[in-house]
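Okay, thanks for coming, everyone. I've got one chain to walk you through today, so let's put it up on the screen.

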Amino acid sequence: MTIYLIDDDSLGNYLTEALLRLENFASQIRTYESAEDALEELLQAPVPPRVIFLDLNMPVMSGWDFLEALAPYRPRLLGQCHIYILTSSLALSDMEKARTYDLVSGLIHKPIDREEIRAIQAELTTEDHS
């Protein structure tokens, strides 16, 4: 399984990637500090990543901008690619806005922890067996 980790915080990426590796979450973890780079890679990939962990607050292209840019590709991604928003915000408006995107599977408050990773693994396993 391939996943994308999109966050402009290099230390956050390092720590999240290390935890994902400890939990054997994915065979391939691609990290991006730029949503534009991740979008370009995603659109060229023959198979979309199974999971995307997406930060909201990034320069140039925010997480919300990234989600909007994916709208034309929704049919290709829906059910194949699960996006989890990573945020340090506790704003109710972010949670409500996230629910308007059917590609978004959840919103996770940073830093992600083992229990959240295991819960996502369980969701994906359940989906694979249904």
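One bit of vocabulary before we start: when I say buried, I mean under 20% relative accessible area, exposed is over 50%, and partly exposed is in between. Take leucine 43 as a warm-up: with 33% relative accessibility, leucine 43 counts as partly exposed. You'll find leucine 43 in helix H2, residues 35-44. And please keep in mind that this is a predicted model.

What does the record say? UniProt, in an unreviewed entry, lists residues 2-125 as "domain: Response regulatory". Over that stretch the chain is 44% helix and 22% strand, and the end C-alpha atoms sit 15 Å apart.

Now the strand I'd like you to look at is E4, residues 82-87. Why do I call E4 largely enclosed by the rest of the structure? Because six of its six residues are buried. In a regular strand, side chains alternate between the two faces of the sheet. Here both faces are covered: His82, Tyr84 and Leu86 are buried on one side, and Ile83, Ile85 and Thr87 are buried on the other.

And who are the neighbours? Strand E3, residues 51-55, pairs with E4 in the parallel sense over five bridges. E4 is also joined to strand E5, residues 104-109, by five bridges, and again those two run parallel. Isoleucine 83 is a handy landmark: isoleucine 52 stands opposite it, and so does valine 104 in E5. To get from E4 to E5, follow the chain through helix H5, residues 92-98; together the three make a right-handed β-α-β unit.

Right, charges. Side chains of opposite charge can pair when their charged atoms come close. How many salt bridges does the structure hold? Eight. One of them joins arginine 118 and glutamate 23, at 2.9 Å from N to O. That pair links distant parts of the chain, with arginine 118 in helix H6 and glutamate 23 in the loop between H1 and E2, 95 residues apart. Arginine 118 is partly exposed at 43% relative accessible area, while glutamate 23 counts as buried at 12%.

Another is lysine 110 with aspartate 55, where the closest N and O atoms are 3.1 Å apart. Lysine 110 lies in the loop between E5 and H6 and aspartate 55 in strand E3, so this pair ties together parts 55 residues apart in sequence. Aspartate 55 is buried, with just 4% relative accessible area; lysine 110, at 31%, counts as partly exposed. Bring in Asp7 as well, and you have Asp7, Asp55 and Lys110 linked in a network of salt bridges.

Stay on lysine 110 for a second, and look at the backbone. Most residues other than glycine have a negative phi, and most peptide bonds are trans. The bond from lysine 110 to proline 111 is cis, with omega near -5°. As for phi, asparagine 24 has a positive value of about 50°, and valine 60 has one of about 65°. Asparagine 24 is in the loop between H1 and strand E2, and valine 60 is in the loop between E3 and helix H3. Both count as exposed, asparagine 24 at 65% relative accessibility and valine 60 at 78%.

Last stop, the surface: Leu11, Tyr14 and Leu15 form a nonpolar patch there, with about 360 Å² of accessible area together. Leucine 15 belongs to helix H1, residues 10-22. That's my tour, thanks!

Conventions: Residues are numbered from 1 along each chain as its sequence is written. This is a predicted model: local features need pLDDT of at least 70, side-chain atom pairs count only at pLDDT 80 or more; totals for chains, interfaces and linings use all residues. Side-chain values use heavy atoms; hydrogens and water are left out. Patches are made of residues with over 30% relative accessible area and no salt bridge: like charges are joined within 9 Å, nonpolar side chains (Val, Leu, Ile, Met, Phe, Trp, Tyr) within 5 Å. Accessible areas come from the Shrake-Rupley method with a 1.4 Å probe; for residues, only the protein chains shown count as cover. A salt bridge is a side-chain nitrogen of Lys or Arg within 4 Å of a carboxyl oxygen of Asp or Glu. Helices (H or I, at least four residues) and strands (E, at least two) are DSSP runs, numbered from the N terminus. Buried means under 20% relative accessible area, exposed over 50%, partly exposed in between (1.4 Å probe, protein chains only). Two strands pair if DSSP finds at least two bridges between them. A crossover is right-handed if, with the strands pointing away from the viewer, the path from the first strand over the helix to the second runs clockwise. UniProt positions are given in the numbering used here, feature names are shortened, and annotations may be inferred rather than shown by experiment.
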